[in-house]
Amino acid sequence: MTASRDASPLPTGHRLARRTVVAAVGAGGLAAALAGCGSDDDKGSSAPAGGEEDTAREEGGAAGAVLARTADIPVGGGKVFKDEGVVVTQPEEGTFKAFSNRCTHKGCPVTDVEGGTVNCACHGSKFDIADGGVRRSPATSPLPAARISVEGGAIRLA
């Protein structure tokens, strides 16, 4: 029996420690791999220099950042600003509205503005471009309003 004890290079307590180390190294590798699968929300180093809309994205949607020019938002339609978390609409000429870009049903981001509605592709909810009210379920609550300002042809987060 003494021979079998001597055949083991480490006492039993050290085997557990070795397993713990191996598991920790594996978990660390998994964490590093998942970190590499992050989203492209961080555009600071790779975003092209350019228009005011690019500047708004680089600033992460900070208050005062220019989202778009008024001419970029069609009458009776709108535009989704994914990175800034808003959708801007122009229900009638010269009237601009902004809402959260998250559907009130399950929190999916809305995908587009078409036919007088802000549309969520996840489950088909539709919201009115004038007031954010529900036009088609399954959502039951309107899109929350967002604050914007319109000055000199520029639409900015307020």
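# Close-up views of a predicted model

**View 1. Four strands side by side in an open sheet.** Strands S5, S6, S7 and S8 make up an open sheet, lined up in the order S5-S6-S7-S8 with antiparallel pairing. At its edges stand S5 (112–114) and S8 (134–136); each has a single partner strand, so one side of each is left without a neighbour in the sheet. From one strand to the next, the twist averages 35°. As with everything shown in these views, the sheet belongs to a predicted model. To follow one pairing up close, start with S5 and S6 (residues 117–119): they run antiparallel and are joined by three bridges. Asp112 is a handy place to begin, as its bridge partner in S6 is Asn119.

**View 2. Gly116, in the loop between S5 and S6.** Is this glycine buried or exposed? Gly116 sits in the loop that connects S5 and S6, and it counts as buried because its relative accessibility is 15%, where the cut-off for buried is under 20%. Which residues does Gly116 touch, leaving aside those up to four places away in sequence? They are Gly76, Phe127, Asp128, Ile129 and Arg135. Look also for Ala130, which lies 14 residues from Gly116 along the chain, with 8.3 Å between the two C-alpha atoms.

**View 3. The one salt bridge of the structure.** Two of the residues that Gly116 touches, Asp128 and Arg135, form a salt bridge with each other. Side chains of opposite charge can pair when their charged atoms come close. Here the closest N and O atoms are 3.3 Å apart. The structure holds one salt bridge, and Asp128 on its acidic side is buried, with a relative accessible area of 17%.

**View 4. The disulfide of Cys108 and Cys122.** The structure holds one disulfide. It is formed by Cys108 and Cys122, whose sulfur atoms are 2.2 Å apart. The angle about the S-S bond is -105°, and the link is left-handed. Where in the chain do the two cysteines lie? Cys108 is in the loop between strand S4 (95–100) and S5, while Cys122 is in the loop between S6 and strand S7 (126–128); the pair links distant parts of the chain, 14 residues apart. The two ends of the link can also be told apart by their accessibility: Cys108 counts as buried at 16%, whereas Cys122 counts as partly exposed at 40%.

**View 5. Two cysteines without a bond between them.** Why are Cys103 and Cys120 not joined as a disulfide? For Cys103, the closest cysteine sulfur is in Cys120, and the distance of 3.9 Å is too far for a bond. Seen from the other side, the sulfur of Cys120 has its closest cysteine sulfur in Cys103, again at 3.9 Å. A disulfide calls for sulfur atoms within 2.5 Å. Both residues are tucked away from the surface: Cys103 is buried with a relative accessible area of 5%, and Cys120 counts as buried at 4%.

**View 6. A hairpin of S2 and S3.** Strand S2 (residues 77–81) pairs with strand S3 (residues 86–92) in the antiparallel sense, over five bridges. Phe81 stands opposite Val86 in S3. How many residues lie between the two strands of this hairpin? There are four, and in the turn Gly85 has a positive phi of about 80°.

**View 7. An open sheet of three strands.** This sheet has the order S1-S10-S9, with antiparallel pairing. Strand S1 (66–69) and strand S9 (148–151) are at the edges with a single partner strand each, so one side of each has no neighbour in the sheet. On average, neighbouring strands are turned by 25° against each other, direction ignored. S9 and strand S10 (residues 154–157) pair over four bridges, and Ile148 stands opposite Leu157 in S10.

**View 8. Stepping back to the whole chain.** The chain has three helices and 10 strands, and from the N terminus on, its elements run α-α-α-β-β-β-β-β-β-β-β-β-β. Of its 158 residues, 28% count as buried. The accessible surface comes to about 9,600 Å², and 53% of that belongs to carbon and sulfur atoms. Among contacts with a separation of 6 or more, 40% are between residues 24 or more positions apart.

Terms used
Residues are numbered from 1 along each chain as its sequence is written. This is a predicted model: local features need pLDDT of at least 70, side-chain atom pairs count only at pLDDT 80 or more; totals for chains, interfaces and linings use all residues. Side-chain values use heavy atoms; hydrogens and water are left out. Two strands pair if DSSP finds at least two bridges between them. Axes are lines fitted to C-alpha atoms, for helices over the stretch in contact, and angles run from 0 to 180 degrees between N-to-C directions. A salt bridge is a side-chain nitrogen of Lys or Arg within 4 Å of a carboxyl oxygen of Asp or Glu. Buried means under 20% relative accessible area, exposed over 50%, partly exposed in between (1.4 Å probe, protein chains only). Contact means heavy atoms within 4.5 Å. Accessible areas come from the Shrake-Rupley method with a 1.4 Å probe; for residues, only the protein chains shown count as cover.
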